[in-house]
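Work through the following exercises with the sequence and the coordinates at hand. Each task is followed by a solution in steps.

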Amino acid sequence: MFTNFNILKERPDLSSEESIKILEEKIFLYNSTLIDEKKSIDQACKDFGLCPSHVNSQECSLPLGFLAYGNEERKEEYLKEDSLKTNLINRPMMLIAGFTNQRLKEFLSYLKEKEIPYIAFKAVLTEYNAEWDSIELFSELEKDEAYFKNTKKTEE
């Protein structure tokens, strides 16, 4: 279980909100080879003080909470041999972890200011999606996109 990313187990004196504040800020990129000027997003992250992680196909089976804050020694327990499903993530995607609301706004504004190619599929790691793997996250983002496209069409 990755509720509050296991921080509360180590620090029961912290509330959920406080536990999130002490997490390290992390950026995870998927299919970054599909992003125009891949190096520009890497460099923008580094200039912002972040080191982006490029998620490989095998890591897509890891729960998101574990991907972000799991113990590297236990990683093998979660990795699945069958990585055929990873082809389902066929668009660039970004997972953002450990940011406060203010830092998230600053980071997204910074990417826009630097004219980094737009990544439509972005998500923030939360206690609600920490148990999902990357494929589940991608599927939810696809559903969201379809919902908003349909909503926009009905409003026109």
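**Exercise 1.** Decide whether E115 counts as buried or exposed, and state where E115 is placed and what is notable about its phi.

*Solution.* In this predicted model, the relative accessibility of E115 is 69%. The cut-off for exposed is over 50%, so E115 counts as exposed. As for its place, E115 belongs to the loop between α6 (101–113) and β4 (121–124). Turning to the backbone, phi of E115 is near 55°, which is a positive value in a residue other than glycine. For context, most residues other than glycine have a negative phi.

**Exercise 2.** Decide whether L64 counts as buried or exposed, and find which residues L64 touches beyond four places in sequence.

*Solution.* Start from the location: L64 is in helix α4, which covers residues 64–69. Its relative accessibility is 0%, and since buried means under 20%, L64 counts as buried. Leaving out residues up to four places away in sequence, L64 touches Y30, L95, L125, N129, A130, W132, D133, S134 and L137. A distance can be added to this list, for the C-alpha atoms of L64 and T126 are separated by 9.1 Å, although the two residues are 62 apart along the chain.

**Exercise 3.** Describe the protein chain as a whole: which elements does it contain, and in what order do they run?

*Solution.* The secondary structure comes to 7 helices and 4 strands, and from the N terminus on the order is α-α-β-α-β-α-α-β-α-β-α. Of the 156 residues, 38% are buried. Finally, among contacts between residues at least 6 apart in sequence, 74% join residues at least 24 apart.

Note on methods:
Residues numbered from 1 in each chain as written. Predicted model: local features only at pLDDT ≥ 70, side-chain atom pairs only at ≥ 80, totals over all residues. Heavy atoms only, no water. Helix = DSSP H or I, 4+ residues; strand = E, 2+ residues; numbered from the N terminus. Buried < 20%, exposed > 50% of the residue type's maximum accessible area, 1.4 Å probe, protein only. Contact = heavy atoms within 4.5 Å.
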